[in-house]
Amino acid sequence: MSLKQILIADDDQDLLELLSLRCKQLGLDVITSNDAMDALANVDFYAPQIALLDVRMPGGNGVSVSEMMATDERLSQTSVIVMTGDPNEKIQQRCHEMGAQLVKKDQQIWTRLEPLLKSLLDEEIEHRATPLVDFSDARQTPGAEDNQSLLSMLEDWGWLDDDSQPSAIDDEAAAGGTPWVLAIDDDPDFSIGLQKRLLSVGVQLVRAYRGMDGYRSAFQSRPEAILLDYQMPDGNGEYILRRLKESTATDSVPVIVVTGMRDASLKRRMLAGGASEFLTKPVSWDQLKRALVQYTDLDLRTGIVPEAMVGSAE
């Protein structure tokens, strides 16, 4: 008997890969899409038995895609599951009207999806005990770096046992009781200079030079605040901000954007997207300190910190 097909549509590439991995373990034939228009084209071509759709995607959203599917007799039999980090009343109502299942998108998403997907299968599929990817010799193989990166993502989403591998975050600030701030910025001069200033007032700084590395650090252990650059490798500031605000693990963490980009429309978008403050480099320590005091419970009154300009225009 041929495998049941599932279309997974999400512009979050990390989550897309992880969901694909898990669905294949359940015995499903997986088709993926990164945007709404591609998802619509794929469901029209493949007519999968199951469609797993994110709400917010480039080119449209999952709810609209599922509504279009419902008007097509051939696609109306597809079981639709909608994922969202914000299951508001309007989305709930639209999903109810279409008969679509709604699943909250957070670090526990697989615990909700797995029983739902199993119930949609024609026959009981025994869950495989052996993972699709074997990480046992990850550090000894040519692809060790890639495997370890995927392993970290699996840990982030709670899909590995707690004792399967050590946490990717072993920084003293995250592990101990010292308050800490996360800087997601590829400018080492900015983050190193800021680290010295924060240490003088009893606050640790954890540095991430790549966008998604910073997101994973915040996801694993909650910082007091996040200082977010815009232009950096592996995810620009706007994308990382959206990821942070979509997750219940990080949505309440204050995000202070610190960038060399002087763009009024970007500032409006970042503030509308949930940023607490938008500062333009070069920024003074007093500006940063005021923002941190305003949006966190940090006490930055101790220590003597000389006034200096932090960072430069990009």
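Visitor: Which residues of β8 point one way, and which the other way?
Guide: The model is predicted: local features need pLDDT of at least 70, side-chain atom pairs count only at pLDDT 80 or more, and totals for chains, interfaces and linings use all residues. Residues are numbered from 1 along each chain as its sequence is written, and side-chain values use heavy atoms, with hydrogens and water left out. In a regular strand the side chains alternate between the two faces of the sheet. In β8, one group is Trp180, Leu182 and Ile184, and pointing the other way are Val181 and Ala183.

Visitor: How many residues of β8 are buried?
Guide: Strands are DSSP runs of E, at least two residues; helices are runs of H or I, at least four, and both are numbered from the N terminus. Buried means under 20% relative accessible area, exposed over 50%, partly exposed in between (1.4 Å probe, protein chains only). β8 is largely enclosed by the rest of the structure, because the buried count is five of the five.

Visitor: What is the strand order in the open sheet that holds β8?
Guide: Strands pair if DSSP finds at least two bridges between them. In this sheet of five strands the pairing is parallel. The order is β9-β8-β10-β11-β12.

Visitor: Which strands stand at the edges of that sheet?
Guide: An edge strand here has a single partner strand, so one side is left without a neighbour in the sheet. The two in question span 204-208 and 277-280. They are β9 and β12.

Visitor: What is the bridge partner of Trp180 in β9?
Guide: Strand β8 covers residues 180-184 and runs parallel to β9. Five bridges join them. Trp180 is matched with Gln204.

Visitor: What angle does helix α12 make with β12?
Guide: Axes are lines fitted to C-alpha atoms, for helices over the stretch in contact, and angles run from 0 to 180 degrees between N-to-C directions. Helix α12 (residues 285-295) lies across β8, β10, β11 and β12. Its angle to β12 is about 175°.

Visitor: What arc do the buried residues of α12 cover?
Guide: The buried residues are Trp285, Leu288, Ala291 and Leu292. They lie on the same side of α12, because the arc is narrow enough to put them there. On the other side, Arg290 and Gln294 are exposed. The arc, taken from the directions from the helix axis to the C-beta atoms, is only 130°.

Visitor: Which exposed residues sit on the face of α2 turned away from its buried side?
Guide: Helix α2 (residues 36-46) buries Ala36, Ala39, Asn42 and Val43. These cover an arc of only 120° around the axis, so they fall on the same side of α2. They pack against β1, β2, β4, β5 and α3. The face turned away carries Met37 and Phe45.

Visitor: Which rings form the aromatic pair?
Guide: The structure holds one such pair (ring centres of Phe, Tyr or Trp, its six-membered ring, within 6.5 Å; planes under 30 degrees apart are stacked, over 60 edge-to-face, the rest tilted). The centres are 4.9 Å apart and the planes at 85°, so the pair is edge-to-face. One partner is exposed, at 63% relative accessible area, and the other is partly exposed, at 36%. In that order they are Phe45 and Tyr46.

Visitor: Which ring does the charged end of Arg243 sit over?
Guide: A charge sits over a ring if NZ of Lys or CZ of Arg is within 6 Å of the ring centre and within 35 degrees of the ring normal. Lys281 meets this with Phe190, at 4.6 Å from the ring centre. For Arg243 the distance is 4.1 Å, and the ring is that of Tyr215.

Visitor: Which strands are at the edges of the sheet with order β2-β1-β3-β6-β7?
Guide: This open sheet has five strands with parallel pairing. The twist averages 20° from one strand to the next. Helix α5 (residues 109-120) lies across β1, β3, β6 and β7. Pairing on one side only are β2 and β7.

Visitor: Which residues does Pro233 touch?
Guide: Pro233 lies in the loop between β10 and α10. It is partly exposed, with 32% relative accessible area. Contact means heavy atoms within 4.5 Å. Not counting residues up to four places away in sequence, Pro233 touches Asp186, Tyr209, Arg210 and Gly211.
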